[in-house]
Amino acid sequence: MTELSPTKASELATDIYAIQSERTAERFFKKDIFLTKTGNKLKAEVGSRLINTRDSFGACVHGAGQYKDDVFLIFRGSTTANYCADWVSNARIGLEIGETGNPVHIGFNHIFKSMLPQIKEFFQSNSNSKPRTVHCIGHSLGGAIATLAADWVAHFHKSIETKVYTFGAPRPATHLFARKHTNTLSKNNIYRVYHESDPVPMIPVFPFCHSPFLAIGHFIHTKPMVWPWDHKMGAYIKSVNAKGKSWLKLAPNGVHEPTEKQMQQWLESNIQVQPSSTKAWQWISSALFYVLRKIVGFSLAKLQGLFIGAVTLADNIAAILKKGLDMDDGNNTGGPTAGATVSSHPISFWIRRLMVKITDMLGWGIQASANSLSQSFMKRALKELIDLSTLEASKAVRGLAT
């Protein structure tokens, strides 16, 4: 069993962008780490019904040298080609059931499914020489696709060791997916690298989640504010090389999911939240998870099942929040924390405090009361929150600072 070093993984995540050009793709496949010098290019369908195109998106390659019994599945990140069709896929924020039976991001899953027949063909054509390890690698959007690919390989090829390496990847699926994905691969085979200041790993907000479940990945401290340029692979390569050339030296660091007490203290506080703060986005996403679970209960499957369908994410969350307001009789502290809370506030209090934080993030300056929280108001606030987070990430992908 051979893992890729942080340096080698980051180089492959960078060089796969060359796959879009025939000339540079040929040079990419001639790397000493690869056995075949031609490789199998993967074409993906990206965009939507209005902007839809097939583009070179990744590669399936057999390894050479110390990786001679391995296979590489490598995926590029978003580009601005084809009228920014990649970003149209990124912005298709919703849930559907993925190939392994768990809720995943609609846009990311559409791209992965369009390449899946080619990936299956690659494995079937080499059925006589089963690989020892499959390495799934990607940056940005490619990291989300690599996660879905690794989950598919681990689920349908259980005898093969599967590893996934991502850099600055967005959240590809739900908590339910992340938990099962982590159990299937084991957290030691999931190498998620992200900069503190990179906005892309912060999106989409709840109900989306990163793997490994209940772990923070390889966190690289950069600056406590959103900085689009830290999303570039050049910045990741610089950070990885500065930290050292082993995963041990890039040991997990950072802040774990807040405790219930910490979450309640943050919601009750008058601390202002700004979209330029990376920690603010982390707190907002955690707060959404916390409040919705108070309404629905412990079950991740039950909670995340509510988000699957044609209705928008903002519609679904607003409907659950409205349900929480309606069920509140003034004594209900609700959900998973009932009978063991550090505060006896009813559910409506936490919904109100959540909306105060969200409207503060949006710069609306509105102090929410239970009477003012109509479902349409909450839907509008949630939609603008999702749009704002997507805008911050798109600036990073497009290399913009405005």
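C136 is buried in this predicted model. Its relative accessible area is 0%. C60 is buried as well, with a relative accessible area of 1%. The structure holds zero disulfides. The cysteine sulfur nearest to that of C60 belongs to C136, at 9.3 Å. Likewise, C136 has the sulfur of C60 as its nearest cysteine sulfur, 9.3 Å away, and takes part in no disulfide. A disulfide requires the two sulfur atoms to lie within 2.5 Å, so a pair 9.3 Å apart does not qualify. C60 and C136 are therefore buried cysteines under the 20% limit, at 1% and 0% relative accessible area.

The protein chain has 402 residues, of which 57% are buried. Its secondary structure comprises 13 helices and eleven strands. Contacts were considered for residue pairs with a separation of 6 or more. Of these contacts, 73% join residues 24 or more positions apart. The exposed surface of the protein chain is about 16,700 Å². Carbon and sulfur atoms supply 52% of that area.

Helix 6 spans residues 175-185. Its buried residues are H175, L176, F177, A178, H181, T182 and L185. The helix thus begins and ends on a buried residue, H175 at one end and L185 at the other. S186 follows just after helix 6. This residue adopts a positive phi of about 80 degrees.

Charged side chains form eleven salt bridges. Side chains of opposite charge can pair when their charged atoms come close. Three of the pairs are described here. K322 and D326 form a salt bridge with an N to O distance of 2.8 Å. Both residues belong to helix 11, which covers residues 313-327. They sit four residues apart, about one turn of the helix. An α-helix has 3.6 residues a turn, so residues three or four places apart point the same way. The two partners fall into separate accessibility classes: K322 is partly exposed at 24%, whereas D326 is exposed at 53%. The cut-off for exposed is over 50%, so D326 passes it with its 53%.

A second pair is found in helix 13, residues 375-398. K383 forms a salt bridge with D387 there, and the closest N and O atoms are 2.9 Å apart. These residues are also four positions apart, which means a separation of about one helical turn. K383 is partly exposed, with a relative accessible area of 46%. D387 is partly exposed too, at 38%.

The third pair joins K30 and E26. Their side chains meet with an N to O distance of 3.6 Å. This falls within the 4 Å limit, so the contact counts as a salt bridge. K30 is partly exposed at 48% relative accessible area. E26 is partly exposed at 45%.

A nonpolar patch lies on the surface. It is formed by M225, W227 and W229. Together these residues have about 290 Å² of accessible area. W229 is located in the loop between strand 11 (218-220) and helix 7 (233-243). Its relative accessibility is 39%, so W229 counts as partly exposed. Patch residues need over 30% relative accessible area, and W229 meets this requirement because its value is 39%.

Methods
Residues are numbered from 1 along each chain as its sequence is written. This is a predicted model: local features need pLDDT of at least 70, side-chain atom pairs count only at pLDDT 80 or more; totals for chains, interfaces and linings use all residues. Side-chain values use heavy atoms; hydrogens and water are left out. Buried means under 20% relative accessible area, exposed over 50%, partly exposed in between (1.4 Å probe, protein chains only). Helices (H or I, at least four residues) and strands (E, at least two) are DSSP runs, numbered from the N terminus. Contact means heavy atoms within 4.5 Å. Accessible areas come from the Shrake-Rupley method with a 1.4 Å probe; for residues, only the protein chains shown count as cover. Patches are made of residues with over 30% relative accessible area and no salt bridge: like charges are joined within 9 Å, nonpolar side chains (Val, Leu, Ile, Met, Phe, Trp, Tyr) within 5 Å.
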